[in-house]
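Q: Please take a close look at one part of this structure, beginning with a single residue and working outward to its surroundings. A formal, connected account would be most helpful.

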Amino acid sequence: MLRSMDARKFFFDDERHLRSGWRLCLFVVAFYICSTLGFILLLAGLGLVLHRPVAELVNSHWVFVFGHGTILISATLIGWGCGRLFEGLPFRALGWSLRPGWLKDLGIGSALGAASLMLAALLATAGVHFSIDPVSAASIGKTLAVSALVFVFAAAAEEMLFRGYALQTLTRANLAWLGVFLTSVPFAAAHLNNPHVVPGLTFLNTALAGVWLAAAYLRTRRLWFPLGLHWSWNWAQASLLGLPVSGINRIAPAPLLHAMNSGPDWLTGGAYGIEGGAACTIALLVSTAVIWRWKLITRANVPKP
């Protein structure tokens, strides 16, 4: 009888709810299965429609679209299902509700994300020089508009995965510090296969960006604020300043400015972009402090289990 009670407490708390660690594990496993199957099915279906082999599609831009699309859909559906099943929570608990204040959160986040990137660029001006891109205004305008949509879409997928159910369920269990750690480290690890990775600083800065974005969620308990930070940082970096985003250049082919890096790479990030240098580290630390202390940012009323 005693062993049975001990085993029950290992899985369930005193209110007979599945413990947060097990909720997180089940979310991760279900998300992995759902996203993997979804990605394979989408690519296979596209191959049948376009009459092209899947191997050819893997090397196309469809991988980015379907990859982030399956992440967004899977993390949303599995997060909602886990919240409903294990904690009795409605869909709006995930942080995407359109309740009063969501647009303000998105707007403030977008402005602060771009400003934080500009601070990093300012700190790196000793080694990065900017000039007007000599392409047509139409090309620049198209890049600004299209890349904004791409960055919003990609940021929404990553926020839903890393600042969605995984962080939220641990926060509800009064383990926010653990949730920040367990989401920021994988967030950083996911970027280590990008081109031109800078050993050490790349991981440190991306993990710090995970803390930055997690702080934005914890201050508001909604995903609109971190979404604004995330997409506008990337957009300002690539489409306004012409810098690589985590080593990737192809998303903004005709940016407003052209960046020329002359080093030192420890400051500027080199070919990886500003996210691989010390200028980014300082900017993220400053921005995180602003987020945590800024009184203009208020916490939303969120459903409780």
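A: In this predicted model, N174 lies in the loop between helices α7 and α8, the latter covering residues 176–189. Its backbone deserves attention, since N174 has a positive phi of about 60° although it is not a glycine. Most residues other than glycine have a negative phi. As for its surroundings, N174 has a relative accessibility of 68%, and because exposed means over 50%, it counts as exposed.

A second residue can be set beside this one. H196, found in the loop between α8 and α9 (201–220), is also a residue other than glycine with a positive phi, here near 60°.

The helix that precedes the loop of N174 is α7, made of residues 165–172. This helix packs with α4 at an angle of about 25°, and the two axes are 10 Å apart. Since angles under 35 degrees count as roughly parallel, α4 is roughly parallel to α7. The crossing of α4 past α7 is right-handed. On the side of α4, the contact is made by G79, C82, G83, F86 and E87, while α7 contributes Y165, T169 and R172. By character, these contact residues divide into three nonpolar, three polar and two charged.

The partner helix α4 can be checked for its length. It has 26 residues, 62–87, which at 1.5 Å a residue should span 38 Å; the C-alpha atoms at its ends are 36 Å apart, so the two values agree. Just after α4 comes G88, with a positive phi of about 65°.

Further along, the loop between α4 and α5 contains G101. Its relative accessibility is 29%, and it therefore counts as partly exposed. The C-alpha atoms of G101 and L229 are separated by 16 Å, although the two residues are 128 residues apart along the chain.

Helix α5 itself, residues 102–123, has 22 residues and reaches 32 Å from its first C-alpha to its last, close to the 32 Å expected at 1.5 Å a residue. Its buried residues include L106, I108, L112, A114, L117 and A121. The buried residues of α5 pack against β1 (128–132), α9, α10 and α12 (278–293).

One of those neighbours, α10, also meets another helix. Two packed helices are described by the angle between their axes and the distance between the axes. For α6 (residues 137–162) and α10 (residues 224–240), the angle is about 140° and the axes are 8 Å apart. Their crossing is right-handed. Among the contact residues are L144, F151 and V152 of α6 together with L227, W231 and W235 of α10. The residues of this contact divide into twelve nonpolar, five polar and two charged.

The account ends with G242, placed in the loop between α10 and β2 (257–261). Leaving aside neighbours within four places in sequence, G242 is in contact with Q237, P255, L257 and A259. Its C-alpha atom is separated by 15 Å from that of G276, a residue 34 residues apart from G242 along the chain.

Technical notes:
Residues are numbered from 1 along each chain as its sequence is written. This is a predicted model: local features need pLDDT of at least 70, side-chain atom pairs count only at pLDDT 80 or more; totals for chains, interfaces and linings use all residues. Side-chain values use heavy atoms; hydrogens and water are left out. Helices (H or I, at least four residues) and strands (E, at least two) are DSSP runs, numbered from the N terminus. The expected span of a helix is 1.5 Å times one less than its number of residues. Axes are lines fitted to C-alpha atoms, for helices over the stretch in contact, and angles run from 0 to 180 degrees between N-to-C directions. Angles under 35 degrees count as roughly parallel, over 145 as roughly antiparallel, 65 to 115 as roughly perpendicular and the rest as oblique. A crossing is left-handed if the near helix is turned anticlockwise from the far one by less than a right angle, and right-handed if clockwise. Contact means heavy atoms within 4.5 Å. Ala, Val, Leu, Ile, Met, Phe, Trp, Tyr, Cys and Pro count as nonpolar, Asp, Glu, Lys and Arg as charged, and the others, Gly among them, as polar. Buried means under 20% relative accessible area, exposed over 50%, partly exposed in between (1.4 Å probe, protein chains only).
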